Amino acid sequence: MFTGFTDETVDFMWGIRFNNERTWFEAHKEIYLTRFYRPMQALGAEIYDFIRGQRPDYDLVNKVTRIYRDARRLHGRGPYKESLWLSVEQAGEQWTARPTFWFELMPEGWTYGMGYWMPKPATMAKLRARIDRDPKPIEKLARAVEKRGEFVLDGQEYKRPKGDPGSLLYPWYNRKQISFSCERNCEGIFFTPELAGQVLEGWKSLVPQYRFLCSLPGDPEPEHM
């Protein structure tokens, strides 16, 4: 059961940023396991179990990253990551190639949301075609995000805009990638079990956007959670 993160969680993250070496990590490995990695596992499992219970027909998996960098890709960086993240995603696909719910914890704070980081150009062309053909359903999705006020639409933009469907949908129309993110400091609810509920409620509010993005490649559109 997830019980919240602790001051030791935050201290460890700052510590590994400024002491990214094996000797320091090994001396603090137990703190990493008990105050960082295992709480992330518990948080992911609690949220995933709820979603799985609501939609057992979804082919979803829960993943939590490890702190160790791939030794082949250090590129002058230390052997350890400064952050951990968890994701609830569709099984059998590269996680960046389909919409994914995620939560990331880093020294500066935590962030969560839903993202579509590596859609094919044809997928984003379908998004623009849908906006051109019938913008009203997508306007409804965009207004829902703005009304809630918790998540920010972001993602890499095209260097040359593809068009201008109006101020509301312009950010949707002219992105290579789309994600909805919320950033918070490590304070308050971060140290309590209620963090799991806040992340779940935020994710649930993004389900309509998730369903829409899932439908772009032409796959069957998932039902409501």
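Leu153 stands opposite Phe180 in β6. This pairing opens the exercises below, which work through a predicted model.

**Exercise 1. Trace the strand pairings that involve β6, and state how covered β6 is.**

Solution.
Step 1. Start with β5, residues 152-154. Strands β5 and β6 pair in the antiparallel sense over three bridges. Leu153 facing Phe180 belongs to the picture here.
Step 2. Turn to β4. Strands β4 and β6 also run antiparallel, joined by seven bridges. Tyr112 has Cys182 in β6 as its bridge partner.
Step 3. Check burial. Five of the seven residues of β6 are buried, which makes the strand mostly covered.

**Exercise 2. Which strands pair with β3, and how many bridges does each pairing have?**

Solution.
Step 1. Take β2, residues 84-90. Its pairing with β3 is antiparallel and has five bridges. Val88 stands opposite Phe101 in β3.
Step 2. Take β4. It is antiparallel to β3, with seven bridges between them. Leu105 stands opposite Trp110 in β4.
Step 3. Look at the connection. Two residues lie between β3 and β4, and the two strands form a hairpin.
Step 4. Add burial. Strand β3 covers residues 100-106, and five of these seven are buried, so the rest of the structure largely encloses it.

**Exercise 3. Test whether the length of helix α4 fits its residue count, then find its buried face.**

Solution.
Step 1. Count. Helix α4 runs over residues 121-133, which is 13 residues.
Step 2. Predict the span. At 1.5 Å a residue, taken over one less than the number of residues, α4 should span 18 Å.
Step 3. Compare. The end C-alpha atoms of α4 are 18 Å apart, so the expectation is met.
Step 4. List the buried residues. In α4 they are Thr123, Met124, Leu127, Arg128 and Ile131. Viewed down the helix axis, they fall within an arc of 145°, so they line one face of α4.
Step 5. Recall the geometry. An α-helix has 3.6 residues a turn, so residues three or four places apart point the same way.
Step 6. Look at the other side. Exposed Asp132 and Arg133 sit on the face of α4 turned away from its buried side.
Step 7. Name the packing partners. The buried residues of α4 pack against β4 (109-116), α5 (136-148), α6 (170-173), β6 (178-184) and α8 (207-215).

**Exercise 4. Describe the largest nonpolar core and the surroundings of Trp203.**

Solution.
Step 1. Give the count. The largest nonpolar core has 62 residues.
Step 2. Find its hubs. Phe103, Leu105, Trp172, Phe180 and Trp203 have the most contacts inside this core.
Step 3. Find the main contributor. Helix α3, residues 29-54, supplies nine residues, the largest share of this core.
Step 4. Zoom in on Trp203. Neighbours within four places in sequence are left aside. Its contacts then include Ile47, Ile51, Leu86, Val88 and Phe101. Trp102, Phe103, Tyr112 and Gly113 are also in contact with Trp203.

**Exercise 5. Why are Cys182 and Cys186 not bonded to each other?**

Solution.
Step 1. Set the cut-off. A disulfide needs two cysteine sulfur atoms within 2.5 Å.
Step 2. Apply it. The closest cysteine sulfur to that of Cys182 is in Cys186, 13 Å away, which is too far for a bond.
Step 3. Reverse the check. From Cys186, the closest cysteine sulfur is in Cys182, again at 13 Å and too far.
Step 4. Conclude. The structure holds zero disulfides.
Step 5. Check burial, with a limit of under 20% relative accessible area. Cys182 is buried at 1%. Cys186, at 17%, also counts as buried.

Conventions. Residues are numbered from 1 along each chain as its sequence is written. This is a predicted model: local features need pLDDT of at least 70, side-chain atom pairs count only at pLDDT 80 or more; totals for chains, interfaces and linings use all residues. Side-chain values use heavy atoms; hydrogens and water are left out. Helices (H or I, at least four residues) and strands (E, at least two) are DSSP runs, numbered from the N terminus. Buried means under 20% relative accessible area, exposed over 50%, partly exposed in between (1.4 Å probe, protein chains only). The arc is that of the directions from the helix axis to the C-beta atoms. Contact means heavy atoms within 4.5 Å. A nonpolar core is a set of buried Ala, Val, Leu, Ile, Met, Phe, Trp, Tyr and Cys residues joined through side-chain atoms within 4.5 Å. Two strands pair if DSSP finds at least two bridges between them.
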